[in-house]
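Colleague: I have a structure to learn from. Can we go through it together, one question at a time?

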Amino acid sequence: MRVDGAELRSPPDRDSLRSLRPVTAALGSPMSEKSDALAVPVDVTMRRPTLFGVPAMPILAAPLVVRRAQVEEAGALAVLLGRAFEAESWDAAGTERELCCDETVRATLVVAAEGRLVATASLQVRPDVPECGWVRWVATDLDRRREGLARALVIGVLAMAGQAGCREARLHTQTDRLAAIPLYLQLGFEPFVRGDPEREVWERVIRLLSGEAGGRLT
Ligand SMILES: CC(C)(COP(=O)(O)OP(=O)(O)OC[C@H]1O[C@@H](n2cnc3c(N)ncnc32)[C@H](O)[C@@H]1OP(=O)(O)O)[C@@H](O)C(=O)NCCC(=O)NCCS
């Protein structure tokens, strides 16, 4: 999947989903048509097979700034992550431990608006697989969504992964993250499919995103 500035400005789902058509068409086997196919979210992985072609970081309008989070901001990060990941509980100590004190977490980027943290994303590189940069903890505060903040941060994380010597990027997500998956597709991530069950799951997600299953994005 080619990613450049022009593709970034186009609607995210159409280009991304079109590129997945050959994948789904090649599968051949019929899918089951349960209407509640995605009722139970499934953990899935996405992969950007190269770190070439990472778009330039968009310039955010003042007073928004993209920068690294400081360890002293663990409490503010916990608030942001707790609001974005409603089913999870985040506290300052856990956030500091997981994001700030784990040496495999190379950086946590934030968008700050006059001191308030409004979006975040992190880069993790595991020593056993140094060629792979993991995009972690992508979140935008509820009142700042669809402003391009997560896109800017994921681009920043991909750029840092390249600078760290990684050759590809991966991330874990869930099939009900129907805002995040188009973002990742738009930035060159592809479904990471290791077998028929995952292929079937991704086919359902793609159908849902393209509206074929009557699904709505939230
Ligand atoms: C997913 C999330 C981080 C997106 O943050 P955001 O700052 O609003 O995203 P952006 O404004 O950068 O959106 C970039 C692209 O993502 C896609 N996108 C974002 N929100 C979307 C939505 N609600 N529906 C459909 N597509 C969406 C679009 O392709 C969008 O591009 P466009 O605005 O040009 O159409 C945010 O919705 C969030 O925090 N969700 C809860 C936490 C979460 O799911 N994190 C990801 C875990 S893997």
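Modeller: Here are questions and answers on helices, a core and some backbone angles. This is a predicted model, in which local features need pLDDT of at least 70, side-chain atom pairs count only at pLDDT 80 or more, and totals for chains, interfaces and linings use all residues. Residues are numbered from 1 along each chain as its sequence is written.

Colleague: At what angle do helix H3 and helix H4 pack, and what is that arrangement called?

Modeller: Helices (H or I, at least four residues) and strands (E, at least two) are DSSP runs, numbered from the N terminus. H3 covers residues 74-84 and H4 covers residues 92-100. Their axes (lines fitted to C-alpha atoms over the stretch in contact, with angles from 0 to 180 degrees between N-to-C directions) are 8 Å apart, at an angle of about 100°. Angles of 65 to 115 degrees count as roughly perpendicular, so H3 to H4 is roughly perpendicular.

Colleague: Which residues of H3 and H4 meet, and how many of them are nonpolar?

Modeller: Contact means C-beta atoms, placed from the backbone, within 7 Å. Ala-74, Gly-75, Leu-77, Ala-78 and Leu-81 in H3 meet Ala-92, Thr-95, Glu-96, Leu-99 and Cys-100 in H4. Ala, Val, Leu, Ile, Met, Phe, Trp, Tyr, Cys and Pro count as nonpolar, Asp, Glu, Lys and Arg as charged, and the others, Gly among them, as polar. By class the contact has two polar, one charged and seven nonpolar residues.

Colleague: Which element gives the most residues to the largest nonpolar core?

Modeller: A nonpolar core is a set of buried Ala, Val, Leu, Ile, Met, Phe, Trp, Tyr and Cys residues joined through C-beta atoms within 7 Å. Buried means 20 or more other C-beta atoms within 10 Å, exposed means 12 or fewer, and partly exposed lies in between. This core has 48 residues, and Ala-121, Val-135, Leu-153, Val-154 and Val-157 touch the most other members. With ten residues, the element that gives the most is H5.

Colleague: How many residues of H5 are buried?

Modeller: H5 runs over 149-163. Its buried residues pack against strand E2 (64-68), E3, E4, E5, E6 and H6. Among them are Leu-149, Leu-153 and Val-157. Of the 15 residues in H5, the number buried is twelve.

Colleague: What span should H5 have, and how far apart are its end C-alpha atoms?

Modeller: The expected span is 1.5 Å times one less than the number of residues. For the 15 residues of H5, the expected value is 21 Å. The end C-alpha atoms agree, because they are also apart by 21 Å.

Colleague: Which peptide bond is cis?

Modeller: Most residues other than glycine have a negative phi, and most peptide bonds are trans. Pro-63 sits in the loop between strand E1 (43-48) and E2. With omega near 10°, the cis bond runs from Ala-62 to Pro-63.

Colleague: Is Glu-114 buried or exposed?

Modeller: Glu-114 lies in the loop between E3 and E4. Its phi is positive, about 50°, although it is not a glycine. Within 10 Å there are 9 other C-beta atoms, so Glu-114 is exposed.

Colleague: Where is Arg-146, and what is its phi?

Modeller: Arg-146 is in the loop between E5 and H5. Arg-146 counts as exposed, because it has 9 C-beta neighbours inside 10 Å. Although Arg-146 is not a glycine, its phi is positive, about 60°.

Note on methods:
Parallel < 35°, antiparallel > 145°, perpendicular 65-115°, else oblique. Contact = placed C-beta atoms within 7 Å.
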